[in-house]
Amino acid sequence: MTGTTAPSTPTDRPAPAIPPSPTTPPPDAVLPERHPQAPAPGTRLGSHYEHCFGCGPQHPGGLRIDAVAGEGLDVTAEFVVRDAHQGGPGLAHGGLLTTAMDETLGTLNWLLHAPAVTGRLETDFLSPVPVDSVLHLRAWITGVHGRKIYSAAEARIGGPDGPVAVRSQALFIQVKLEHFTTHGRPEDIEKVLDDPDLMKRARAFEVNP
């Protein structure tokens, strides 16, 4: 038709700009130094709180993830997917896989000796994870900017070099003790603070609750 302009199509328009994720370190973020008192490489980190769903040995239905300190700003862990972790028949529930990633990412704070909590967690599921799978998890710090700790993780099926099933990026925020004592359930806080074991009291408030 003369004198008219053909309507634009999606292919005629520039692709919309995708803003960087809040879990992406800003350009002026830095890689921190491993804290002098961080656990030595190869050290099993154990639980920060005995009743934690992610790592606590006394939680009856918990994941009981026990991470190991790496050589640098990284940790590794294993997670066995059991019947209680199902979503679809015979397959791991995505929420529990996200919890396993969150727990492993949270243990990175041991390397900085900086109490921190999850601010944002982004998870990509690349393949189904069958029940009875052993997931080999690895998490590492990607940058620090002020109180913000940026990190990433992956979970591989069957071995450290197996296919990647899950990937995550996270933003943790460093907090003070008051974060826990102000917002936690009073009876649980009192029980921890009354524990004569100073190490248990300190650990309960140090990592991703």
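The legends below describe close-up views of a predicted model.

**View 1. The whole chain is built from helices and strands.**
The chain holds 5 helices and 6 strands. Read from the N terminus, its elements follow the order β-β-α-α-β-β-β-β-α-α-α. The chain has 209 residues, and 38% of them count as buried. Among contacts with a separation of 6 or more, 66% join residues 24 or more positions apart. About 11800 Å² of the chain is exposed, with 57% of that area supplied by carbon and sulfur atoms.

**View 2. The strands form an open, antiparallel sheet.**
Across the sheet, the 6 strands are arranged in the order β1-β2-β4-β5-β6-β3. The two edge strands are β1, residues 68-69, and β3, residues 116-125. Each of these edge strands pairs on one side only.

**View 3. Strand β3 pairs with strand β6.**
Strand β6 covers residues 164-174. The pairing between β3 and β6 is antiparallel and extends over 9 bridges. To follow one bridge in this view, start at L121 and look for its partner in β6, which is A170.

**View 4. Helix α1 lies across part of the sheet.**
Helix α1 consists of residues 94-106. The strands it lies across are β2 (74-80), β3, β4 (134-145), β5 (148-157) and β6. Relative to β6, helix α1 runs at about 50 degrees. The length of the helix can be checked by simple arithmetic: α1 has 13 residues, so at 1.5 Å a residue it should span 18 Å. The C-alpha atoms at its ends are 18 Å apart, which agrees with that expectation.

**View 5. Buried residues of α1 pack against other elements.**
Which residues of α1 are buried? They are L96, L97, A100, M101, D102, E103, T104, L105 and G106. The buried residues of this helix pack against strands β2, β3, β4, β5 and β6. They also pack against another helix, α2, which covers residues 109-112.

**View 6. G87 sits in the loop between β2 and α1.**
Is G87 buried or partly exposed? The relative accessibility of G87 is 46%, so this residue counts as partly exposed. The limits for that class are 20% and 50%. Apart from its neighbours within four places in sequence, G87 is in contact with A92 and H93. V131 is 44 residues from G87 along the chain, and the C-alpha atoms of these two residues are separated by 9.7 Å.

Conventions: Residues numbered from 1 in each chain as written. Predicted model: local features only at pLDDT ≥ 70, side-chain atom pairs only at ≥ 80, totals over all residues. Heavy atoms only, no water. Pairing = 2+ DSSP bridges. Helix = DSSP H or I, 4+ residues; strand = E, 2+ residues; numbered from the N terminus. Contact = heavy atoms within 4.5 Å. Axes fitted to C-alpha atoms, helices over the stretch in contact; angles between N-to-C directions. Expected span 1.5 Å × (residues − 1). Buried < 20%, exposed > 50% of the residue type's maximum accessible area, 1.4 Å probe, protein only. Areas by Shrake-Rupley, 256 points an atom, 1.4 Å probe, with all protein chains shown as cover.
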